[in-house]
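Please walk me through this structure in plain prose, going from its strands to its helices and cores.

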Amino acid sequence: MRRLLIVAALSLVVAHQAYAHAIPLHAEPPNGAVLLTAPRDVTVTFDSTVRVGPRNAAIRNDGTNVLDGAARIAPGNRLVIPLHAGLTDGDYTVRWSIVSDDGHEQEGVIAFGLGRTAAQPTPALTTHGFVTWQRVLMRTLFLLGVLGAVGAAFFSLAVLGGDLPRRQAHLLFACFLLAFAGADALIHVTSASGTRFERFMIVAAVAAGIGAAASALAPLEPRLRFLVWAAAATLFVCPTLAGHALDHDQPAVIAPAADLLHLGGAAVWLGGVASLALARTGSVRRFSTYALPAVGVVALGGAARALTELSSLSQIWTTSYGRALLVKTAVFAVLLTLVWLARRRLLLVQLALLAVLAVAVGTLTDLRPGRAGVTAVRTTPSNVPPPAPAPPPGAYVDAAQAGKLAVGFAWLDGKAMVTLVGPDGAAVKDVPVKMTSSGRAYRLTVAGMPLRFVVPAKLRSGAALLHRATRMYDALRSVSIVEALSSGPGNHQTSVFHERAPDRIAYRIESSTQAGVAGSESVVIGSRRWDRKPGGTWKQSPQGEIRVPRTYWGSKARNAYIVGPGELTFYDPQVRAWYHLHLATSGLPAELTMVGAAHFMAHHYAVGSPSISPPPAR
């Protein structure tokens, strides 16, 4: 018996059915993007079939709902989340929620800015995980039921010679009941309607129900044992057909075959030990005939599955999946020690530890395998890429545009540094940069585009001038701004803004490369706003709190230097953008250029603005 329990424990250490997660490949707009025109929807493309999840949402970051109806699935495994028409300037967050074909619920968030938003937006919605103790319990019940029912059925066929005595029938009834309870709970809790997982969990629940009924009646009608065996055989294939083995990225034959071998070997051992220890049927000697082959089957199937679930040794301690595997191994070590010391004694304690191993297996089936985790980290649109490094404090800074890239220039102690920033705000390192210098003049070629930066012969701090200009601008009662804005080549927009303190804005888009945008107008007064498309009618909607006028840089702006009369350059680490500011003789800002990730802007300022009133009803 000691040897049997040791082998049973060994089988459960590697006996787990992996359930896959759909991997998000692409999002449009991408997370962290700043857009010139409002999108009508957000789409997320996945690597496999998905269904709409229960928690899709879209808000303006002040909490206003902008979800325009239910999300839907489009061809190409794309989740489409519709947004209200005519979104206005600001930051927005979309939470996507899907159910993969094997029943796993997944979520992610995408934040994007619209219009004059300069900084990379941050998400205002959160996600939650789905690995809960309730789900682990459900999967554990299902797994214990399947292994016990299949193993006990095999025991009655192979060890008992086809007999089904009363105690063995009772054991089978209990195992089928566990499988039914687990499958039924998983069907109702996972929002997996229409998925492969749901279909085969229904099959498993039906098979378990039939098997339980047949097992209960088999002592009265021996011919029902054939129905018991058929129900067990049906139950045996359900975890494989519902799970990861049939995913598109798995070997078409090897993956399901390895799963079936793995599950079968584990079932033979768990069901056999339960039959010997609980039902007290059969003999150890006869059952030991199947011991060595079952160990080989479990080892072969486990090795094949491990090759597809973990792509590196480090994932054992760097992923939740790997850490759960370590916990399961630790429990196995305790069980192995107990089996060795107790021999035939403490069988119930040893079986309880086998159940604990099954709990660890239930946890593993709800976690993303290490291989999928690595892929998801690389591709999920919910992960904002790390921002490009800021220039060092004290450095002279300047910037320019090179195609879709922002080119940041920094000079400190005679050393020039160049930073390329992509549209997503991340540093770009695969674009060639050539730089030559003559004194303090630097000529750059970035992706074939020539640029020139000149460091003043004597660096003079512009911090005081910048502070004064900021204070004067923020104290204005009204201002008008002509803005030229671009996110990259071929995408330009010119707008005129009128701002009146403390909370009134009116603007009109005068020209745009985007069709149907020129002529759009908006008015904001306090908590209300009105928007009108070209030739359309005004539509009112709520508006978050605003305060105007306010400078387009923040209080943390630094690296300010005077480069000419009334001319400053500086960098804002909060906005992550470079600025070139021209001041009027009064000290007020007159012209501004800003260079940031997918945000190339020029402003011309004039003190004063027309009155701003609510637009007419028609």
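A residue counts as buried when its relative accessible area is under 20%, as exposed when that area is over 50%, and as partly exposed in between. With that in hand, helix H13, which covers residues 463-474, is a suitable place to begin in what is a predicted model. On one side of H13, Ala464 and His467 are exposed, whereas Leu466, Ala469, Thr470 and Tyr473 of this helix are buried. Seen down the axis of H13, the buried residues fall within an arc of 100°, so they line one face of the helix. The length of H13 can be checked as well: its twelve residues should span 16 Å at 1.5 Å a residue, and the C-alpha atoms at its ends lie 17 Å apart, which agrees.

Helix H5 allows a similar check, since it has 18 residues and reaches 26 Å from its first C-alpha to its last, close to the 26 Å expected at 1.5 Å a residue. The buried residues of H5 include Val228, Trp229, Ala231, Ala232 and Leu235, and further along the helix Cys238, Pro239, Thr240 and Ala242 are buried too.

From H5 the reader can move to the nonpolar cores. The largest nonpolar core has 40 residues, and those with the most contacts inside it are Phe176, Met201 and Leu235. Helix H2 (133-158), helix H3 (166-189), helix H4 (196-217), helix H5 (225-242) and helix H6 (254-279) each supply at least two residues of this core. Leaving aside residues up to four places away in sequence, Phe176 touches Ala149, Ala207, Ala208, Gly211, Ala212 and Ser215, and its contacts also include Val228, Ala231, Ala232 and Leu235. A second, separate core of 32 residues has among its members Leu36, Leu476, Ile546 and Leu588.

The strands come next. Four of them form an open sheet with antiparallel pairing, in the order S1-S3-S7-S6. Strand S1 (24-28) and strand S6 (72-74) stand at the edges of this sheet, each with a single partner strand, so one side of each is left without a neighbour in the sheet. From one strand to the next, the twist averages 25°. Within the sheet, S1 pairs with strand S3 (residues 41-46) in the antiparallel sense over four bridges, and Pro24 has Phe46 in S3 as its bridge partner.

Strand S5 (residues 57-60) is covered on both faces, with Ala57 and Ile59 buried on one side and Ala58 and Arg60 buried on the other. S5 pairs with strand S8 (residues 90-100) in the antiparallel sense over four bridges, where the bridge partner of Ala58 is Val94 in S8.

Further along the chain, three strands follow one another through two hairpins. Strand S25 (residues 577-583) and strand S26 (residues 589-596) pair in the antiparallel sense over six bridges, and Trp578 stands opposite Val595 in S26. Five residues lie between the strands of this hairpin, in which Gly587 takes a positive phi near 100°. S26 is also joined by six bridges to strand S27 (residues 599-607), and these two strands run antiparallel, with Leu592 opposite His603 in S27. The hairpin formed by S26 and S27 has two residues between its strands, and Ala598 in the turn has a positive phi of about 50°.

Technical notes. Residues numbered from 1 in each chain as written. Predicted model: local features only at pLDDT ≥ 70, side-chain atom pairs only at ≥ 80, totals over all residues. Heavy atoms only, no water. Pairing = 2+ DSSP bridges. Axes fitted to C-alpha atoms, helices over the stretch in contact; angles between N-to-C directions. Expected span 1.5 Å × (residues − 1). Buried < 20%, exposed > 50% of the residue type's maximum accessible area, 1.4 Å probe, protein only. Arc of directions from axis to C-beta. Core = buried A, V, L, I, M, F, W, Y, C linked by side-chain atoms within 4.5 Å. Contact = heavy atoms within 4.5 Å.
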